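Student: I am new to this structure and should be grateful for a close look at a single part of it, namely its pockets. Please describe what surrounds them and which parts of the chain contribute.

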Amino acid sequence: MAKTLLQKSGRLLQRLTLLTFGIALVAVGCAWYFQDHIVSRLVSEANRYLQTPVSPQKITFSLLEDFPRASVIFHDVAVQESLPSNPGALLEAKKIYFGLSLSALVQGELIVDRMELADAV
């Protein structure tokens with residue numbers, strides 16, 4: 001009897017592990033598939049709110065960088081001043097981190113719940 005109970009609990013644990021791994025694999029696959037859409041939407045929203053172009057040299061997307069948030073990282077960013085009377089850079093930063101709500105992403109929304117600048121002037 002004890003052996004049967006042990007076997008059943010072992011199978012249950014094995015199934016739960018496979019289910020958890022499957023869910024994680026689907027989540028990573030969806031994030032990879034939609035990363036270009038997420039990044040382009042974030043860039044267009046940033047440009048719209050700032051009313052001036054945001055020009056990163058490189059953009060990366062990660063689910064692990066700022067877990068449990070998804071993160072978009074702009075590398076070597078320049079934001080130009082929007083006033084013609086004041087040309088030049090409004091902001092220059094080595095990195096800008098955007099933390100995105102995973103639950104909002106699953107629902108099709110883009111909610112930035114954290115933003116961090118690194119080496120900014």
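**The pockets and their linings**

Tutor: In this predicted model, H1 provides 5 residues to the lining of the second largest pocket, the largest share from any element. That pocket holds about 250 Å³ of space. Its lining consists of 16 residues, and those closest to its centre are Ala46, Leu50, Val54, Phe98 and Met115. Besides H1, the elements that contribute two or more residues to this lining are strand E2 (69–80), strand E3 (89–100) and strand E4 (112–120). Sorted by class, the lining of the second largest pocket contains 15 nonpolar residues and 1 charged residue, with no polar ones.

Helix H1 also takes part in the largest pocket, where it gives 12 residues to the lining and thus the most. The volume of the largest pocket is about 590 Å³. A total of 23 residues line the largest pocket, and Ala27, Cys30, Ala31, Leu63 and Leu102 are the ones nearest its centre. Two or more lining residues come from each of helix H1 (2–50), strand E1 (54–66) and helix H2 (102–106). In the lining of the largest pocket, 17 residues are nonpolar, 4 are polar and 2 are charged.

To draw the two descriptions together, H1 is the leading contributor to the lining of the largest pocket, and H1 likewise supplies the largest share for the second largest pocket. Polar residues are present in the lining of the largest pocket, whereas the lining of the second largest pocket has none.

Note on methods:
Residues are numbered from 1 along each chain as its sequence is written. This is a predicted model: local features need pLDDT of at least 70, side-chain atom pairs count only at pLDDT 80 or more; totals for chains, interfaces and linings use all residues. Side-chain values use heavy atoms; hydrogens and water are left out. On a 1 Å grid over the protein atoms alone, a cavity is a set of points where a 1.4 Å probe fits but cannot get out, and a pocket is an open set with protein on both sides within 12 Å along at least five of seven lines; lining residues have an atom within 4 Å of a point. Grid points are joined across faces, edges and corners, and a volume is the space filled by probe spheres set on the points. Helices (H or I, at least four residues) and strands (E, at least two) are DSSP runs, numbered from the N terminus. Ala, Val, Leu, Ile, Met, Phe, Trp, Tyr, Cys and Pro count as nonpolar, Asp, Glu, Lys and Arg as charged, and the others, Gly among them, as polar.
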